[in-house]
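The questions below ask on what grounds certain structural labels are applied. Each answer sets a value against the definition of the term.

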Amino acid sequence: MEVRDEIDVLICGAGAAGLTLAIDLARRGVSFRIIDRLERPFGGSRGKGIQPRTQEIFEDLGIIDRIMAAGGVYPPMRDYREDGSFVEKTMSEARPASPGIPYFIALMIPQFLTERVMRERLAELGHEVEFASTLTSFEHGEGGVSVRLQSRDGEERIEARYLVGADGGRSFVRGVLAIDFPGKALGVRAIVADVSLTGLDRDYWHQFNVGDMERLVAICPLAGTDLFQVQAPVPLEGDPDLSAEGLERMIAGRAGRSDIALRSVSWASTYAMNARLAERYRVGRVFLIGDAAHIHPPTGGQGLNTSVQDAYNLGWKLAAVLSGAPDALLDAYEEERRPVAADVLGLSIRLLDGHHEQGGMRRGRDTHQLDIGYPGSSLSYHQRVRLSGPRAGDRMHDATLTGAAGQPRRLFDMLTGPHWTLIASEHAYRPVAAARKGLRVVMVGEAAELRDPANQLGMADGGCLLIRPDGYVGATFETDSPDLVDRYLARVLPSANA
Ligand SMILES: Cc1cc2nc3c(=O)[nH]c(=O)nc-3n(C[C@H](O)[C@H](O)[C@H](O)COP(=O)(O)OP(=O)(O)OC[C@H]3O[C@@H](n4cnc5c(N)ncnc54)[C@H](O)[C@@H]3O)c2cc1C
């Protein structure tokens with residue numbers, strides 16, 4: 001069979017992880033294709049919570065305003081007692097807005113709407129998902145990956161320099177690589193269904209029999225739609241009736257109410273909860289991201305968010321290495337993201353246990369993913385120990401700064417885009433960084449382009465922060481260390497080698 005195409009990256013799977021990677025590669029000008037075996041986009045609500053850290057990423061990718069407009073905020077919860085009375089509670093702890101944290105509550109948007117917004121963004125960047133196209137086999141070697149696809153047009157062979165398996169929990173790519181996926185079945189199986197119903201108002205997330213895993217049913221209005229999402233644990237064996245009549249009977253039996261009438265079911269599924277983590281995220285030129293690398297229960301709304309953040313971590317590294325940066329940069333993907341998934345697995349399981357015991361759906365700061373960082377990464381370099389602000393590996397928080405004419409400026413506006421950013425205190429400009437492709441230098445100080453009167457950056461005593469394209473502090477430097485800055489950039493930016 002003729003090789004019909006040669007590309008840099010083939011993304012297998014157009015769920016949230018694959019689409020995030022596609023948008024990131026598209027804005028970096030990398031040649032890629034993204035395929036999905038589905039005939040058309042998936043239509044179920046599935047992961048509906050977008051955590052604050054993911055909202056920051058969506059801002060960088062240019063979709064946050066649309067995501068917010070398409071979705072909404074979580075309504076308060078109503079827990080009904082046997083006698084029909086109820087108590088109300090909020091899902092997450094209220095926390096005040098601060099300059100450093102522009103997004104501070106989880107958003108609700110059904111996954112099919114999130115993915116629709118992502119595909120729109122991808123189209124703006126000149127790409128589209130190839131649906132009805134299945135990865136059927138691949139062979140990988142030192143020079144690249146030979147891939148076979150089956151689509152409506154027949155079989156196709158392409159040569160890619162890298163293959164990314166974003167192909168979900170039953171990943172074909174993971175299977176071909178024979179990567180172990182150890183973990184455990186959690187002994188919980190549940191229905192999730194998107195339904196149209198009457199009898200409940202849309203201002204609350206209604207929950208009946210909280211704490212009783214045999215009779216619990218939770219019914220949540222899905223922001224951005226006229227639908228409700230029904231979730232209910234079911235026995236491990238058997239075929240629950242997922243028709244409108246069957247679900248209406250189940251709700252009537254568990255809620256003890258005959259006034260909730262189901263009109264239609266637009267999507268319904270049963271799934272057994274598992275917690276599993278791939279032994280490796282990289283084999284040569286092949287990577288795993290998203291559910292292909294880790295699966296966990298939906299408690300805490302972490303699955304989709306962790307998947308998006310895998311892609312966001314890998315995208316800039318792939319683009320840099322494709323442009324000549326050292327290959328070791330790609331090893332840092334697994335090094336950084338696998339421990340995060342291990343932690344998230346533990347958190348989701350703890351929340352699931354809490355749900356069993358006392359209906360513990362309340363979510364705290366740990367679910368927001370704002371405190372995730374890579375302090376132990378081989379990419380994190382901390383020369384400047386006196387700095388009071390963020391340290392190497394920390395998420396770079398936002399800050400409200402002022403321009404030379406007193407105009408307000410957000411730090412995140414400087415970071416938005418595919419580049420690295422060196423934030424240097426006023427006297428650091430000349431010695432620390434000559435202009436180079438892929439690096440933006442921002443000077444902060446009393447006579448500089450930006451001022452930080454409240455010392456939100458923690459740079460009052462000088463120094464430099466080097467921020468990675470994915471918004472984490474890569475390194476901190478003294479102001480008089482241009483050789484160290486150069487040496488660091490040579491590991492991550494191809495132009496620094498030239
Ligand atoms: C029933 C259910 C309920 C969930 N509820 C929640 C929740 O409440 N909160 C939460 O955070 N997460 C939830 N999740 C998890 C969340 O949906 C996933 O974490 C998220 O979809 C992961 O995104 P992904 O892109 O990695 O994988 P997926 O969304 O699974 O996408 C993988 C894609 O790869 C495609 N594919 C597979 N094999 C091939 C192949 N050989 N060739 C081409 N394409 C292929 C598939 O068609 C699919 O579109 C739920 C998942 C399920 C299934």
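The exchange that follows moves from the whole chain to single strands and residues.

Q: What kind of model is this, and which cut-offs apply to its local features?
A: This is a predicted model, in which local features need pLDDT of at least 70 and side-chain atom pairs count only at pLDDT 80 or more, while totals for chains, interfaces and linings use all residues. Residues are numbered from 1 along each chain as its sequence is written, and side-chain values use heavy atoms, with hydrogens and water left out.

Q: How many helices and strands are in the chain, and what makes a run of residues count as one or the other?
A: The chain holds 11 helices and 26 strands. Both are DSSP runs, numbered from the N terminus: a helix is H or I over at least four residues, and a strand is E over at least two.

Q: How do you know whether the radius of gyration of the chain agrees or disagrees with that of a compact globule?
A: The globule rule is 2.2 Å times the number of residues to the power 0.38, and the radius is taken over C-alpha atoms. For 498 residues the rule gives a value near 23 Å, and the chain has 24 Å, so the two agree. Along the principal axes, the C-alpha atoms fill a box of roughly 75 × 60 × 35 Å.

Q: What makes a residue count as buried, and what share of the chain does so?
A: Buried means under 20% relative accessible area with a 1.4 Å probe, protein chains only; exposed means over 50%, and partly exposed lies in between. Of the 498 residues, 57% count as buried.

Q: What share of contacts joins residues 24 or more positions apart?
A: A contact means heavy atoms within 4.5 Å. Among contacts in the chain with a separation of 6 or more, 71% are between residues 24 or more positions apart.

Q: Why is strand β22 called largely enclosed?
A: Strand β22 covers residues 420–425, and 6 of its 6 residues are buried, so the rest of the structure largely encloses it. W420, L422 and A424 point one way, T421, I423 and S425 point the other way, and all are buried. In a regular strand the side chains alternate between the two faces of the sheet.

Q: What makes β22 a partner of β23 and of β25?
A: Two strands pair if DSSP finds at least two bridges between them. β22 has 6 bridges to β23 (residues 439–444), running parallel, and S425 has V444 of β23 as its bridge partner. With β25 (residues 464–467) there are 4 bridges, and the strands run antiparallel; here L422 is matched with L466. Both bridge counts therefore satisfy the pairing definition.

Q: Why are β6 and β18 placed at the edges of their sheet?
A: The open sheet of 8 strands has mixed pairing and the order β6-β5-β12-β13-β14-β11-β15-β18. β6 (86–89) and β18 (294–295) each have a single partner strand, so one side of each lacks a neighbour in the sheet. Within this order, β11 (residues 183–198) and β15 (residues 261–277) pair in the antiparallel sense over 13 bridges, and V192 has S269 of β15 as its bridge partner.

Q: How do you know in which sense β12 pairs with β5 and with β13?
A: β5 (residues 77–80) and β12 run parallel over 4 bridges, with Y80 bridged to F208. β12 and β13 pair in the antiparallel sense over 3 bridges, and F208 has V217 as its partner in β13. Within β12 (residues 205–208), W205 and Q207 point one way and H206 and F208 the other way, all of them buried.

Q: Why is V217 called buried?
A: V217 lies in β13 (residues 217–221). Its relative accessibility is 0%, so V217 counts as buried. Leaving aside neighbours within four places in sequence, V217 has contacts that include H206, F208, V230, M250 and R254.

Q: What makes S481 buried although it is in a loop?
A: S481 sits in the loop between β26 (473–477) and α11 (482–492). The relative accessibility of S481 is 4%, and therefore S481 counts as buried.
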